[in-house]
Amino acid sequence: MFDLYGFECDDWLAWVKADFIEAVLNSMTNTTVDQSIEISEDTTPEFRFLDLELSRDVQQAIMMSGYTSPTPIQAEIIPFMLAGRDVIGQAQTGTGKTAAFALPILSRLDAGAEGPQVLVLAPTRELATQVAKSFETYAVCMPDFRVAAIFGGQDYDVQFRALRRGVHVVVGTPGRVIDHLKRGTLNLDSLKCLVLDEADEMLNMGFQEDVEFILDKCPEEKQVALFSATMPDPIRRIAEKHLQDPAHITIRRNTNTAESIQQRCVFVPEREKMDLLARMLEAETTDGVIVFTKTKDSTITVAEHLSKLGFAAAALNGDLPQKQRQRTVDQLKSGQLNIIVATDVAARGLDVQRISHVFNYDLPHDSESYIHRIGRTGRAGRSGVAIIFLTPPQRGKLRLIERATKQTIELVNRPSVKEINASRMVRFKEQLKSAMESQDLSFFQTVVNEVAAESGKSLDLVAAAVAQIAQGNRPFLLKDEPKRETERWDRDDRREREPSERRGAGRQRFEDERAGRSGGRERRVGGPPRPGMLRYRIEVGHADGVRPGNIVGAIANEGGISGSEIGPIDIRDSYSTIDLPDTMNASAIQTLRRTWVSGKQLRLRPLGSEDRPTTVRSGGSSSGPRKPKQFAKNR
């Protein structure tokens, strides 16, 4: 006789009944059944890191870093991962998700085991590098710990040596991970945990097949952690196929847009963005300004261009040392700088009350990123302006942003020459008045009077000569330009959005976006490149199994070129041709020559007459529209 939950069992049948009852009770209390948790990012966890069952070495590293309390996603994810559960973390960048998986992974690591125990897949080399550095930071008290970051654009020999020495954690981009798997330099047989970081971004960049390939190469018995800001259907299918009964943690963010922020949109071709930005900065009355771009290289290019035009601007990106980043932010706060050009990652935690304008120079990856970008302005009771630059193929995105922000975005034209000149006059007069009121001008008054007396010229003529000297060779006033065809975009777009024309306009918009998404890669590769483009040859073709998305992704990511700037692609048996902007600098060309796609270097070079294609491949990969956002294969 024994007692089980109050039932006396003295025969075999009672044993069976008791086992059944116990199974039912367990199923009622089992935390692994349909576990879905949604909390606000403002939620304050009820415990500290010390309350979590992290290893002693990890706890010591956390204390050395100065952290005491976990963020909401860390508080929810860490216990599940310590228990070996598969998890889905739905949260935006900046919520602390890297530590949410790195801390429990390090706590469960077997330092004496051979072969990589953890693989973290990241969409970009920047994120891969950041994640690897985070592992090093949290493993500072684990002297035998080794992590390797493998991504495109880095010498293979460096990665070969790291993998041969042996590593516990590999952090890599999908393309380069596959390269190592095929070369036999990376073996996943001992893998215990796989992390998919920013999974939606990997899919947006065309990595879905690569991610599936890697998942199929992993051992069946493993822990999987998937992190994504959004949960589109392809990610849900991956989760259903490869995750076992995952806990789903959603960090809910406040997506309300402040009514004090005025939103505007300008349609502009990619190549004219820089000129438009400079003009709008002249036409607008601004205080502090943040310009958001999508790449680190773009922050430098745009900031340098603005500086040459006389704006007090600087770049802010993840490549800058922490001290320099802090100094740049301090200069913006104090007014020594008026403009910073930043990536989303570099602008994390940026809180400067004097920000009057936010420019979305490049389209953010999702609507929530847009909301958080423009939230940098309109603070402390002040009004703010958020301006987004959209290229013609991106016109359909405007409606999505309006839905996300629940506000109508005003469509505006680029400032006219007349408006720019009027702004310059107003600014110049204000500078003169300010100098007369606040500066000691006695010395220059004496000089001007002497020049007037010696030359016999009037004082106003001498003053005009002084202004001309100060202006230098740059013309003070702009000249009228030829009228642009693109001025009709905003009218067309607004008309397409009228309800009375929604059906016909929707079809037209579909056709417009369809043509735009193809990036001009319709069947016209047999003709000459369009103005402003050059045709190049690359040494990958059908024989290598390459697809247009592979080529576009590699060139967009490694060369820092927007997908909309990439022209027609013609894939042939042993090589391909591609049209690229004639403004590419030598550094970008050299990088693309060394870039790997489908296991081969592109060896990019201008197309010569001896290998210029004369026909268009029927049904080839250059025909028809390309799926949107097939970007950035890191090789």
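At 13% relative accessibility, R354 counts as buried, where buried means under 20% relative accessible area, exposed over 50% and partly exposed in between, with a 1.4 Å probe and protein chains only. R354 forms a salt bridge with D287, the closest N and O atoms being 2.8 Å apart; a salt bridge is here a side-chain nitrogen of Lys or Arg within 4 Å of a carboxyl oxygen of Asp or Glu. Because D287 lies in the loop between α11 and β12 (288-292) and R354 in the loop between β14 (339-342) and β15 (355-360), the pair ties together parts that are 67 residues apart in sequence. D287, at 26% relative accessibility, counts as partly exposed. The helices (H or I, at least four residues) and strands (E, at least two) named here are DSSP runs, numbered from the N terminus.

The structure is a predicted model, in which local features need pLDDT of at least 70 and side-chain atom pairs count only at pLDDT 80 or more, whereas totals for chains, interfaces and linings use all residues. Residues are numbered from 1 along each chain as its sequence is written, and side-chain values use heavy atoms, with hydrogens and water left out.

The chain contains 22 helices and 23 strands, and 49% of its 635 residues count as buried. Its accessible surface comes to about 32,100 Å², of which 50% belongs to carbon and sulfur atoms; accessible areas come from the Shrake-Rupley method with a 1.4 Å probe, and for residues only the protein chains shown count as cover. Among contacts (heavy atoms within 4.5 Å) between residues at least 6 apart in sequence, 76% join residues at least 24 apart. On the level of a single residue, T98 in helix α4 (residues 97-108) is buried, with a relative accessible area of 18%, and touches V131 and S134 when residues up to four places away in sequence are not counted.

Side chains of opposite charge can pair when their charged atoms come close. A search of the whole structure finds 14 salt bridges. One of them joins E272 and R414, with the closest N and O atoms 3.1 Å apart. This pair links distant parts of the chain, since E272 is placed in the loop between β11 (261-267) and α11 (273-283) and R414 in the loop between β17 (410-411) and α16 (417-438), 142 residues apart. E272 is partly exposed, with a relative accessible area of 22%, whereas R414 is buried at 14%. In a further salt bridge the side chains of K600 and D544 meet at 3.6 Å, N to O. Distant parts of the chain are again linked, with K600 in strand β22 (residues 600-601) and D544 in the loop between β18 (533-538) and α21 (548-559), 56 residues apart. K600 is partly exposed, with a relative accessible area of 30%, and D544 is likewise partly exposed, at 25%. Salt bridges that share partners also join K97, D197 and E198 into one network.

A pair of aromatic rings is described by the distance of the centres and the angle of the planes. Rings of Phe, Tyr and Trp (its six-membered ring) are taken to pair if their centres lie within 6.5 Å, and planes under 30 degrees apart count as stacked, over 60 as edge-to-face and the rest as tilted. By this rule the count comes to eight aromatic pairs. The rings of F135 and F145 have planes at 20° and centres 6.4 Å apart, and the pair is therefore stacked. F135 belongs to helix α5 (residues 125-138) and F145 to the loop between α5 and β6 (147-150), so that parts ten residues apart in sequence are tied together. Both rings belong to buried residues, with relative accessible areas of 0% for F135 and 12% for F145. In contrast to this stacked arrangement, F443 and F444 form an edge-to-face pair, at 5.3 Å centre to centre and 80° between the planes. F443 counts as exposed at 56% relative accessibility, as does F444 at 55%. Ring pairs additionally link F101, F135, F145 and F227 into a cluster.

F443 and F444, together with V447 and V451, make a nonpolar surface patch of about 380 Å². V451 lies in helix α17 (residues 442-455) and is partly exposed, with a relative accessible area of 35%. Patches are made of residues with over 30% relative accessible area and no salt bridge, like charges being joined within 9 Å and nonpolar side chains (Val, Leu, Ile, Met, Phe, Trp, Tyr) within 5 Å.
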